[in-house]
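Visitor: I would like a close look at the open and enclosed spaces here, beginning with the pocket. Please take me through the lining with some care.

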Amino acid sequence: MRLLTPAALVAATALLLSACGTTENTAVAPSDAAASGPVTVTDARGKAVNLKAPAKRVVALEWGEAEMVASLGVMPVGAADVAGYNVWDKAAPLTAEVKDVGKRNEPSVDAIVGLNPDVVIMAEERDSTLVPQIEKYVPVVVTKSSDASRNFDRLREDFKLIAKTVGKESEADKVLSEMDAKLAEGKKAVEAKGAAGTPFLMADGYLEGSTVSIRPFGKGSLVSDTAEAVGLKNAWTGKVDPQWGLGQTDVEGLTALTDPKTVLFYSAAEEDVFTTGLAQNAVYQRLPFVVSKKIHKLQAGTWTFGGPKSIIMTADQIVKAVTA
């Protein structure tokens, strides 16, 4: 028996309903009708990646990409450093069935291929030598992952790229609309509180021996763009890298921040150097946000390099902090 194509099936259904005298439009929506057909996406490399159908079995090799896949309702069959993801990114939890395929910077090709995925999704900066190895066995879609010159536009493009890959474009539109609404509501609340333009520093930090190194998120970083979208102003004007918008400094470097209205937001899902490593640091204790106690630790699992769900989670906390 010859199976009808989706288009032929829709036409036949419409003809049958017409014969029955009904005017109800029950034809399959175009996006749904195409959900089982071939898919071609053009990824961050400019390469056309052809799939026989929307991917159902997905391996994601970066946490932001794993979050995006899961937030679209497609649980990855595999991800890099699942244990780390579960600590650092709680915006879209992974189920216990998701298999670990190794480190984000050194995943196991054997483990990936062994899961029989339809596609592997990975970030651009990881693709130099790994992609050719994986593509011998599985199609690979490469995302941009970050771009400090246009991070919100980049995020939308990556998310829509992934959504098309897995056949969830309408779901992506809903999530992006939810993100946009959250940012708009947040900005309105900040303005109503008279907190628009509040200067902020967003940072994380780590210990190197007995020295605390601090990594400020400058303009163009995803979390900075989030804070500015709800009406705050990034106070960090030091040098940052062009991809992630990240800077590097020590405690003395923070003395350039003199505005007493400055608020510190920081991320520390594991070791909290702002509480432990700097507790007895005299320079840190004199900083304006320490003196005024305008310090807000982001909730554990707030991933600062995530997808739309992470943006929503981050925006919620920022707005609550400056409007409380």
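Guide: By class, the lining of the largest pocket divides into 11 nonpolar, six polar and 10 charged residues. The model is a predicted one, and the space in this pocket comes to about 460 Å³. Its lining is made up of 27 residues, and those closest to the centre of the pocket are R104, D204, R215, W303 and F305. As for secondary structure, the elements that each contribute two or more residues to this lining are α3, spanning 63-71, and β8, spanning 199-208; of the elements, α3 gives the most, with four residues.

Turning from the pocket to enclosed space, the structure has one cavity of 30 Å³ or more, and the volume of this largest cavity is about 40 Å³. Around the cavity stand W88, S267, A268, A269, L298, Q299, A300, G301 and T302, a lining that by class holds five nonpolar and four polar residues but no charged ones, whereas the lining of the largest pocket includes 10 charged residues.

Some care is due over confidence. The protein chain has an average pLDDT of 89, with 89% of the residues scoring at least 70, yet across residues 1-34 the pLDDT stays under 50, and the model has nine contacts beyond four places in sequence for that stretch. Where pLDDT is low, the predicted coordinates should not be read in detail.

Definitions and conventions
Residues numbered from 1 in each chain as written. Predicted model: local features only at pLDDT ≥ 70, side-chain atom pairs only at ≥ 80, totals over all residues. Heavy atoms only, no water. 1 Å grid on protein atoms, 1.4 Å probe; cavity = no way out; pocket = protein on both sides within 12 Å on 5 of 7 lines; lining within 4 Å. Points joined across faces, edges and corners; volume = space filled by probe spheres on them. Nonpolar A, V, L, I, M, F, W, Y, C, P; charged D, E, K, R; others polar. pLDDT = per-residue confidence, 0-100. Contact = heavy atoms within 4.5 Å.
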